[in-house]
Amino acid sequence: MKKLSILIFFCIFTGMIQAQQVKVLDKSDLQPIGQVNIANAAKTHAVITNDLGMADLSGFAAGDSLYFTHVRFQSFRTVKSFFENKNNRIYLTENIIKLDEFIFTANRAEEKKSDLPYKIETINAKDVAFNNPQTTTAMLEQSGEVFVQQSQLGGGSPVLRGLEANKVLLVVDGIRMNNAIYRAGHLQNAITVDPFGLASTEILYGPGSTLYGSDALGGVINFITADPKLSATGKTEIHGNLLGRYSSANMEKTGGINLNLGWKKLAVLLNFSYSDFGDLREGKVGNPAYGTFGQRLFYAERINGKDSTVANNKPEIQKQSAYSQYNFMGKVLFQPGEHSRYLLNVQYSNSSNIPRYDRLMEMKNDSTMSYAEWYYGPQSRLLVSLKAEYNLNAVIFDHASVIIGYQKIHEDRIQRDFGSSKKKYNLETVGVISVNADFNKKLCKNDNLRYGIEFENNDVISKAHNENIKTGAITEDRATRYPDDKAKMMYLSAYLSNNWNISKFLAFSQGIRFNYVTLNATYSDTMVKIMQIPFDPNITQKNSALNGYLGLVATPGYDWKFSLVGSTGFRAANIDDLTKLNVVTGQTIVIPNPDLKPEYAYNVEFSVAKTIVGKVRLEGTAFYTWLRDAHVIAAEPYNGKDSILLDGHMYQTLAPVNAGNAYVCGIQGNLLAQVTHSFSILSNLTYTYGYNETDGLSLDHIPPVYGMTSFRLELKKFKGNFYVMYNGWKRISQYSNSGEDNETYATAYGMPSWYTLNLKLSYQIERHVNIELGMENILDENYRKFASGISNPGRNLIIALRANL
């Protein structure tokens, strides 16, 4: 009888404890939500949910009204006794208006987005999973906030405010991705970041050189990968995710696995994904006025030891665009106490050969292709970093972060002219060592000081050779892309920034950065002879610049926000700018210009935002960026002549030059409306205009007007999104004459306007299994983006299955 009484008491006591626990879940996917604040009406008691979405409510009275709040979700109010009838679970619905969202990119430290004067957009992991982008650049494009140029399927070059490639800074986990050979044309390096491993992506618009140094003229794209999670219970915890996805437009097959092992002080995260992309199918519905624009009518194939031009019996299939890629990330977190943490980060990405589709489309005449082969060799990126963080409340800092990093990048180009037995190899390797140290000190309640230093050293190894595909003979008589004897760059900088909340309604931010950049490159005697170099083969540059910004945020009440920013940007010419030898088309070649000077940007922008009854938010930003000594590609004599004979071909010579003065201006607008608890609307639009004041011509890389409008529905276990992507016309008269706008790949009138209708659906079968369906380009439109050399996918069915532990 005594044992029975003890058992009954234990069961009752256990039930009482469980009744005091609440679990907060995401309504659409049933996943736990951490960092939910739960407080009573009087705000005399509050608790926060852990990573498992759990919180103890024993400190609240039975009749207390409880308020559940989170920056990403709509607030929820209930009475504590309500839990007894609802299985102790609360479901929150995502809020499209996130006023108190925290941002890292703006000041290299976490700050409320509402306190910042810059225009910043965030893409979180939940949105990435729902939208199912094939690559990171597709993820950026799906936001409607970033224009992406594309030369081949295995690529994507983001454009921010009319500036592209090495004028946009890419950052991953606090380390610069931009290196000494990031070019001015179009880049594909962003696809080496795995979207499956991202926690969030932050996009900072406008010059960010004060905090990030050289290259951040158009803005900063900061990729933040997921970190390992410690155990929320003190016991060993294992969590993971599985992904399987198929897309019909290019027969994509993607698989991914994510595994997190967490203990009290140690955690390990492993992430791996593999994608196989087949030849891309473009849309079939096009304007008859443009004839066969975009169709792949012919392709090169080697048959019985001879190059042949083969008619494509399915011209909507963009033959020779297929590739594959795998990505690995491993992280180890050690947190010995609340004041310090250490993070080892290893990332590796590698691909198959990636066909350069735009070049493979070129034809010598109506029946002969220009190239039999043209592809990037396996593109690999290795990153190893060690990060140490300290929260010490010391005299000179409250928070400190130090990152030591090493990167190794392989970027090879292999090509063979149609009918030729000579296969040409240009092989580039870049090694980068970096050190970043960032410090944060709270001077007083309303004043935060941030400062730091950055060092980076780039070492470029450039090789080249020719191979006879018939005999296998290797010859070294080919010009390297960059100086072959030595090619090094060093970046050293220090910054200081401050954010002062003058009053409840006014915030003032300032920042200053000193940059020092050196470049040393040398051509061997062999290259001097092959390239007929007319200048000193030893190239040395030393450049310095002082950048700054001033920002003012006014929130006078009634949910208004006014922001004004003035900022400067700086970009030192790199190895690619000064020394590159590169065939642009079959008739033109870019030659080195060792006298190229740095380029500078001076930017002013004004933003207005209004939130109406907490349900509708309107935002508008106008910007004007003046470029001094801007780098542009222009006709330039070489050895006193306008052309050069190289590798058996005669080319017109072009070179990067300082254009004098140019400007880029535009407007960006956003509408966010939480129409009902479950239904929301999001819309954005960007217009950009660029002009070279020196020669009176259009600036290159300026996209047409573009944007996106989305209609979203979120119910229990279900989420749906119907959205429209759209681009305006880019008339041929608006194209730059530099060649970077790729007029060759447009129609005779320019690049036509287009829009696509798209649908994404997600259903949570149960807490651990989710199925996602999508249909992109429902109308099967045949379209191509401005400056791109490959058409976009036609109607694309997406099926994805996710599972989590």
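How many aromatic pairs does a search of the whole structure find? The search finds 23 of them, and we will visit one shortly. Keep in mind as you look around that this is a predicted model.

Let us begin with the overall picture. The chain has 805 residues, and a compact globule of that length would have a radius of gyration near 28 Å; the chain has 28 Å, so the two agree. Taken along the principal axes, the C-alpha atoms fill a box of roughly 100 × 60 × 50 Å. If you follow the secondary structure from end to end, you will pass seven helices and 56 strands. Of the 805 residues, 55% count as buried. The accessible surface of the chain comes to about 32,800 Å², and carbon and sulfur atoms hold 60% of that surface. Contacts across the sequence are worth a look too: among contacts with a separation of 6 or more, 67% are between residues 24 or more positions apart.

Now back to the aromatic rings. Phe-334 and Tyr-342 form a stacked pair, with 6.5 Å from centre to centre and 20 degrees between the planes. Are these two rings buried or exposed, or something in between? Phe-334 is partly exposed, because its relative accessible area of 38% lies between the limits of 20% and 50%. Tyr-342 also counts as partly exposed, at 29% relative accessibility. Elsewhere, aromatic residues gather in a group: Phe-147, Tyr-706, Tyr-735 and Phe-786 form one aromatic cluster.

Rings can have charged neighbours as well. In one place, the charged end of Lys-319 sits over the ring of Tyr-299, 5.0 Å from the ring centre. In another, Arg-731 lies over the face of Trp-729, at 3.9 Å from the centre of the ring.

Next come the salt bridges, and a search of the whole structure finds 38 of them. One of these joins Arg-416 and Asp-307, whose closest N and O atoms are 2.7 Å apart. Which parts of the chain does this pair link? Arg-416 is in strand S32 (residues 399–417) and Asp-307 is in strand S23 (residues 306–311), so the link connects distant parts of the chain, 109 residues apart. Arg-416 is buried, with a relative accessible area of 2%, and Asp-307 counts as buried too, at 8%.

A second salt bridge brings Glu-373 together with Lys-423, with 3.2 Å between the closest N and O atoms. Glu-373 lies in strand S30 (residues 371–376) and Lys-423 in strand S33 (residues 422–444), so this pair ties together parts that are 50 residues apart in sequence. Here the two partners fall into separate classes: Glu-373 counts as partly exposed at 21% relative accessibility, whereas Lys-423 is buried at 12%.

A third example is the pair of Glu-599 and Arg-571, whose side chains meet in a salt bridge of 2.8 Å, N to O. Glu-599 belongs to strand S42 (residues 599–612) and Arg-571 to strand S39 (residues 560–571), so the bridge ties together parts that are 28 residues apart in sequence. Both Glu-599 and Arg-571 are buried. These two residues also belong to a wider group: salt bridges that share partners join Lys-167, Arg-176, Asp-215, Glu-456, Arg-571, Asp-577 and Glu-599 into one network.

Let us finish with two single residues. Asn-131 lies in helix H2, which covers residues 125–131. The residue is buried, with a relative accessible area of 17%. Which residues does Asn-131 contact, leaving aside its neighbours within four places in sequence? They are Gln-142, Asn-721, Lys-760 and Glu-776.

Asp-700 has its place in a loop, between strand S49 (697–698) and strand S50 (706–715). At 9% relative accessibility, Asp-700 counts as buried. Its C-alpha atom is separated by 7.7 Å from that of Gly-690, which is ten residues away along the chain. With neighbours within four places in sequence left aside, Asp-700 is in contact with Gly-162, Ser-736, Ser-738, Glu-740 and Asp-741.

Definitions and conventions:
Residues are numbered from 1 along each chain as its sequence is written. This is a predicted model: local features need pLDDT of at least 70, side-chain atom pairs count only at pLDDT 80 or more; totals for chains, interfaces and linings use all residues. Side-chain values use heavy atoms; hydrogens and water are left out. A salt bridge is a side-chain nitrogen of Lys or Arg within 4 Å of a carboxyl oxygen of Asp or Glu. Helices (H or I, at least four residues) and strands (E, at least two) are DSSP runs, numbered from the N terminus. Buried means under 20% relative accessible area, exposed over 50%, partly exposed in between (1.4 Å probe, protein chains only). Rings of Phe, Tyr and Trp (its six-membered ring) pair if their centres lie within 6.5 Å; planes under 30 degrees apart count as stacked, over 60 as edge-to-face and the rest as tilted. A charge sits over a ring if NZ of Lys or CZ of Arg is within 6 Å of the ring centre and within 35 degrees of the ring normal. The radius of gyration is taken over C-alpha atoms; the globule rule is 2.2 Å times the number of residues to the power 0.38. Contact means heavy atoms within 4.5 Å. Accessible areas come from the Shrake-Rupley method with a 1.4 Å probe; for residues, only the protein chains shown count as cover.
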